[in-house]
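Visitor: I would like a close look at one part of this model, the aromatic pairs, and then an account of how the rest of the chain is arranged around that topic. Please take it in one go.

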Amino acid sequence: MPNQFITTQLVSNTALAMFANNSPFIMTGSRIYQDDFQNSGYKIGDTLQVRRQNNFIVGDGSTAVPQDIIETVENITIAHQYHALIAYTVQDLTLRIEDFSRMFIQPAIQNIITQMERDICSDAEQALYFHQGSAGSPINSFSTVDLAGAKLLEQGVNIASDAYLAMTVRDGSSLKAALLNNFTPVFNEEIVRQSAIGHLSYFDIFQSQNIVRHQAGAGPTLTPGDTLTVNGTVTSGNTIILAGASAGVTNYFLPGDLISIAGVHSVNPLSRQSTGQNMQFVITAAANSSGGGAVTITVSPSIISSTSSPLQNVDGPVLTTSVVTVVPSYNVNVAYPARALDIVCPPLYKLQVPYASVAIDPETGLSLAVTQTGDILGYQNLMRIDILCGFKWHPQYGVKLLS
C-alpha cells in the first residue's frame, strides 16, 4: 500500500544515501577537520585555519643552532550552500518512497552532486601546479599513470595508501582499452564510488563526468610559437617578468595556465635536494602582453630559493634568459592522496517549520538538510534539499595528469 505521507526524516536519510554513493571526489577527500565544524550554526563565510606541516633543517654535530618556526596556515572556508527546491502535489505524497525518490530526490541529488564535484575540480584547476602527461593526448598507458605517482613521491608525498586518480570518462575508456586485463578489483569495497575502474600503479582510479577542461590563454592557444624567456632574476616571491611574447595580446595568460622554467628544479621538501625536474608553476591571475612583448605573471607556488629556509622549493634562483615552456588547453585529471583535498560538510540547523530534518552520515560526516513547507501564495507544496560545504586543495600533495 502506498505511503500516505513520506516523512521528512525518511526523505533526508534516502537523499543522504544517494549523495554518499555517487560522488567520487566527495567520498575520497579527507574528513580530518570535520569534527571542528560539528557545532550547529555554521554559515557561508565561516573559516577554519589549518596549519601546514612544519619543516626543519637538520644539523650534524654537537653544536645546535636554534631555528625559528615558520608557520604557514591555509583556510578552509564554508563557501557553498548547495540546494534544490522541488514543488510537489498532495498526490505525489501518496507515492511509495522508491517512486518518490526516482521522480524527485534522485534528480535533485544528482544535480547537487554534479555542481559540487565540478566546483571541486575547478578549484584544482587553479590550485594545483605540478603536472604530468601531455595536453591533448589520451591517458592510455601504465607509464603515464605511474609517472604521476613518481612526481608525488619526488615531492615527498606518501601515497602508500588512500591515493586516487580522477579522470575524464574518455580517458578512463582509453586506459581500460589499453590495459584491458591489468586492473584489479577496487579494494575498498566499503566506499562505493560510481564509475570506479580499479587499482593501477599507486592509485584507485575512477572516471568522472565532472572533470573540467582548462581553456588556456591566448598566448598558449594562438601564439604557441613565441619563445618566452625570463626577464630579470627572481630569488623569491610570486612575480616573474617574461619577454618574447607577441605584442599587445589581451589575456595572454589566464588563471590555471601551466608553465615550467628550464634550469630551475624543484626540490624534495623533506630533504631539500633537487629532483632534477624543472619546477612547475600555475598562473594565478590573468596577464596581458605589452606592446614590447613583456608579460608580468603571478604564479603559485611562491619561489623560495634560499638554502637556509626550511620551506625551500627550488634549487636556485630563477635566472634571467631562462626558457619558459607553456602548456596548451588540458583536461584537469587529478592524482592525489586523501590529504590533498579537505572537505567539510557541517550540519545545517533546522528551520522552524513543522517538517524539517537533518541527516548525518556517522562514517563520513556528510550532512543533508531536508525541509518541507507550503506556499500559500502559489498554493503548492515545496521541498528543499541543502548541503553546506567547504573544501580546500593542498597543492603540494596533488598532481594534474594532463590529457
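Guide: What follows goes from the aromatic rings to a strand and its partners, then to a salt bridge, and ends with the chain as a whole.

The model is a predicted one. Searching the whole structure gives eight aromatic pairs. One of them is formed by Phe-25 and Phe-206, whose ring centres are 6.4 Å apart; the pair counts as edge-to-face because the planes stand at 85 degrees, and the cut-off for that class is over 60 degrees. This pair links distant parts of the chain, since Phe-25 belongs to helix α2 (residues 24–28) and Phe-206 to strand β7 (residues 203–207), with the two positions 181 residues apart in separation. Both Phe-25 and Phe-206 are buried. Another pair, Tyr-202 with Phe-203, is also edge-to-face, with 6.1 Å from centre to centre and 75 degrees between the planes. Its two members are covered to unlike degrees: Tyr-202 has 29% relative accessibility and therefore counts as partly exposed, while Phe-203, at 0%, counts as buried. Phe-25 and Phe-206 also belong to a cluster in which ring pairs link them with Tyr-164, Tyr-336 and Trp-393. A further ring, that of Tyr-397, has a charged group over its face: Arg-339 lies there at 4.0 Å from the ring centre.

Next come the strands. Strand β11 (residues 258–267) is mostly covered, with seven of its ten residues buried. β11 runs antiparallel to strand β12 (residues 274–283), and five bridges join the two. Within this pairing, Val-267 of the one strand stands opposite Ser-274 of β12. The two strands make a hairpin with six residues between them, and in the turn Arg-272 has a positive phi of about 55 degrees. β11 is also joined to strand β14 (residues 323–326), again antiparallel, by three bridges. Here Ile-261 has Val-324 of β14 as its bridge partner.

A salt bridge comes next. The count for the model is one, and the side chains involved are those of Arg-384 and Asp-386, with 2.7 Å from N to O. Arg-384 counts as partly exposed because its relative accessibility is 31%. Asp-386 has 5% and so counts as buried, the cut-off for buried being under 20%.

Asp-386 appears again among the contacts of Ser-367. With neighbours within four places in sequence left aside, Ser-367 is in contact with Asp-386 and Ile-387, with Cys-345, Pro-346, Pro-347 and Leu-348, and with Val-358, Ala-359 and Ile-360. Ser-367 is placed in strand β19 (residues 367–375). At 2% relative accessibility, Ser-367 counts as buried.

Last, the whole chain. There are six helices and 21 strands. Buried residues make up 49% of the 403 in the chain. Of the contacts with a separation of 6 or more, 76% are between residues 24 or more positions apart. The chain exposes about 18,500 Å², of which carbon and sulfur atoms supply 51%.

Technical notes: Residues numbered from 1 in each chain as written. Predicted model: local features only at pLDDT ≥ 70, side-chain atom pairs only at ≥ 80, totals over all residues. Heavy atoms only, no water. Salt bridge = Lys/Arg side-chain N within 4 Å of Asp/Glu carboxyl O. Buried < 20%, exposed > 50% of the residue type's maximum accessible area, 1.4 Å probe, protein only. Helix = DSSP H or I, 4+ residues; strand = E, 2+ residues; numbered from the N terminus. Contact = heavy atoms within 4.5 Å. Areas by Shrake-Rupley, 256 points an atom, 1.4 Å probe, with all protein chains shown as cover. Pairing = 2+ DSSP bridges. Phe/Tyr/Trp six-rings, centres within 6.5 Å; stacked < 30°, edge-to-face > 60°. Lys NZ or Arg CZ within 6 Å of the ring centre and 35° of its normal.
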